[in-house]
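Trainee: Could you take me through the spot where the ligand sits, slowly and in plain words? After that I'd like to hear about the other pocket and any odd bits of backbone.

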Amino acid sequence: MRSIMKQTQTKRIVLGLTGGIAAYKTAELARLLVKQNVDVQVAMTEAACRFITPATMQALSGRPVLVNQWDATENSMAHISASRAADAIVIAPATADFIAKLALGLAGDLLSTLCLARDCPLLVAPAMNKQMWENPATQRNIAQLIADGVTILGPACGVQACGEEGMGRMLEAEELARDILAFFQPKLLSGVKVLLTAGPTYEAIDAVRGITNRSSGKMGYAVAQAALELGADVILISGPTALSKPQGAQVEDVTSAAEMFDAVKQHVADADIFIGVAAVADYRAAQVSEQKIKKGEGKLTLELTPNPDILAYVAGLPKPPFCVGFAAESENLREYAEAKRRAKKIPLLAANLAQQAIGSDANELILFDDAGEHVLPHSDKLTLARALLRHAVKLYQQGKQQ
Ligand code: C5P
């Protein structure tokens, strides 16, 4: 049986390194890409070889590294054949000098020749000192590359190898791997509006205390990221989390379930797909004390009142978007999850064990739909989110055809 987790097909990239200190991050990038089944052919400029050895890159990519265009022993047409075989060329790190060469169409070494001779997309991750980045010449060259259809990844702001601080740091390996994999995702949700809830909610009891839960928001943010990768317009209604916002999503921060409900009601009319990932508190304090409640001698009884069920409300609208729910259970996962899917009248529900899911970076999901159950094996949350969305998109598109 073909796994529901499988990416459509193996992608091949040429990973080009030029001479910058950030080359050490590219070693990790190669490892991460290979781990994600990307076929990586490394090509290095001679300056890059001064920062990291071809032997390291060869060991990590599992292929001999292309360095010298005059080395005819392997393949005298390496600049043509390597770029023809690739689905994309990624330059990381890309120095100011190499960016200038690309902007001018120079082809004085193997890597720049490869870029000029390509018939595939080019992705460039700049890495340089902030003054070099801000220099009008570099900005002009970057603008030229964008106009030529090149994708620029980063750079980021932060402390630089020279000790200065500012724009020009190359993105981290994990960020680059995420962006490169995202680049390859088919844009199945282009023009589709996805509304999501994520994270916990916080229900105030008094001025300083409240009821919340241990949801980190990681799964909801991963689902938002996966939807962005598929080209969706994403609105993320987020409870309090410590996570950085998914780039490209419209994020609305809320605190309580009531605020989350209001935000969802405000956006739901435009939504094509609604995904309730948030761990919404089931109850809130019946009365919130404006002042801190003073400690007394005896017991304190807190009266709780139920919160609205946001997902059930959305699914019950006269013209609901395609709804996806989550269920975190600590026991009887299958039975409770399917019962929940039917009770909330939603076409798709992703169930997980609460003790395994909450706060962790990896998880295991079981999807329930009208056809039965589909297991998404233990994996990191972004990989799971991508698989969940591929499944949701299939059902969403089937529903539209009916
Ligand atoms: O009923 P239960 O809380 O287990 O349902 C979980 C699903 O319902 C999740 O998708 C969650 O985001 C959503 N939910 C909601 N509003 C609530 C409670 C849960 O949207 N008040």
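**Around the ligand**

Mentor: Let's begin with the kinds of residue there: the shell around the ligand is made of seven nonpolar, two polar and four charged residues. Keep in mind that this is a predicted model. In total, 13 residues surround the ligand, and the closest are Gly276, Ala278, Pro308, Leu311 and Lys340.

Now zoom in on the backbone, since three of those names come back here. Gly276 has a backbone N or O atom 2.5 Å from an oxygen atom of the ligand. Ala278 also puts a backbone N or O atom by a ligand oxygen, this time at 2.7 Å. For Leu311, a polar backbone atom and an oxygen atom of the ligand are 2.8 Å apart. As for how covered the ligand is, on its own it has 440 Å² of accessible area, and the protein covers 86% of that.

Next, the space itself: the ligand takes up the second largest pocket. If you want to find its shell on the fold, look for helix 11 (310–315), strand 16 (322–329) and helix 12 (333–344), the elements that each give two or more residues to it.

So much for the ligand; on to the other pocket you asked about. The largest pocket has a volume of about 1,400 Å³. Its lining counts 35 residues, and Glu174, Glu175, Arg178, Gln225 and Leu382 lie nearest the centre. Several elements give two or more residues to this lining: helix 1 (23–35), strand 5 (151–152), helix 8 (173–184), helix 9 (218–229) and helix 14 (381–401). Helix 8 supplies the largest share, with eight residues. Sorted by class, the lining of the largest pocket holds 15 nonpolar, seven polar and 13 charged residues.

Last, the odd bits of backbone. Ala92 and Pro93 are joined by a cis peptide bond, with omega at about -5 degrees. You'll find Pro93 in strand 3, which covers residues 88–94. There is also a cis peptide bond from Gly154 to Pro155, where omega is near 0 degrees. Pro155 belongs to the loop between strand 5 and strand 6 (156–159), and strand 5 is one of the elements we just met in the lining of the largest pocket.

One more backbone angle to check is at Asn37, a residue other than glycine with a positive phi, near 70 degrees. Asn37 lies in the loop between helix 1 and strand 2 (39–44). Helix 1 should ring a bell too, as it is another element that gives two or more residues to the lining of the largest pocket.

Terms used
Residues are numbered from 1 along each chain as its sequence is written. This is a predicted model: local features need pLDDT of at least 70, side-chain atom pairs count only at pLDDT 80 or more; totals for chains, interfaces and linings use all residues. Side-chain values use heavy atoms; hydrogens and water are left out. A residue is near a molecule or strand if one of its heavy atoms lies within 4 Å of it. A polar contact is a pair of N or O atoms within 3.5 Å; within protein, one must be able to donate a hydrogen and the other to accept it, and residues adjacent in sequence count only if both atoms are side-chain atoms. Accessible areas come from the Shrake-Rupley method with a 1.4 Å probe; for residues, only the protein chains shown count as cover. On a 1 Å grid over the protein atoms alone, a cavity is a set of points where a 1.4 Å probe fits but cannot get out, and a pocket is an open set with protein on both sides within 12 Å along at least five of seven lines; lining residues have an atom within 4 Å of a point. A molecule sits in a cavity or pocket if more than half of its atoms lie within 2 Å of its grid points. Helices (H or I, at least four residues) and strands (E, at least two) are DSSP runs, numbered from the N terminus. Ala, Val, Leu, Ile, Met, Phe, Trp, Tyr, Cys and Pro count as nonpolar, Asp, Glu, Lys and Arg as charged, and the others, Gly among them, as polar. Grid points are joined across faces, edges and corners, and a volume is the space filled by probe spheres set on the points.
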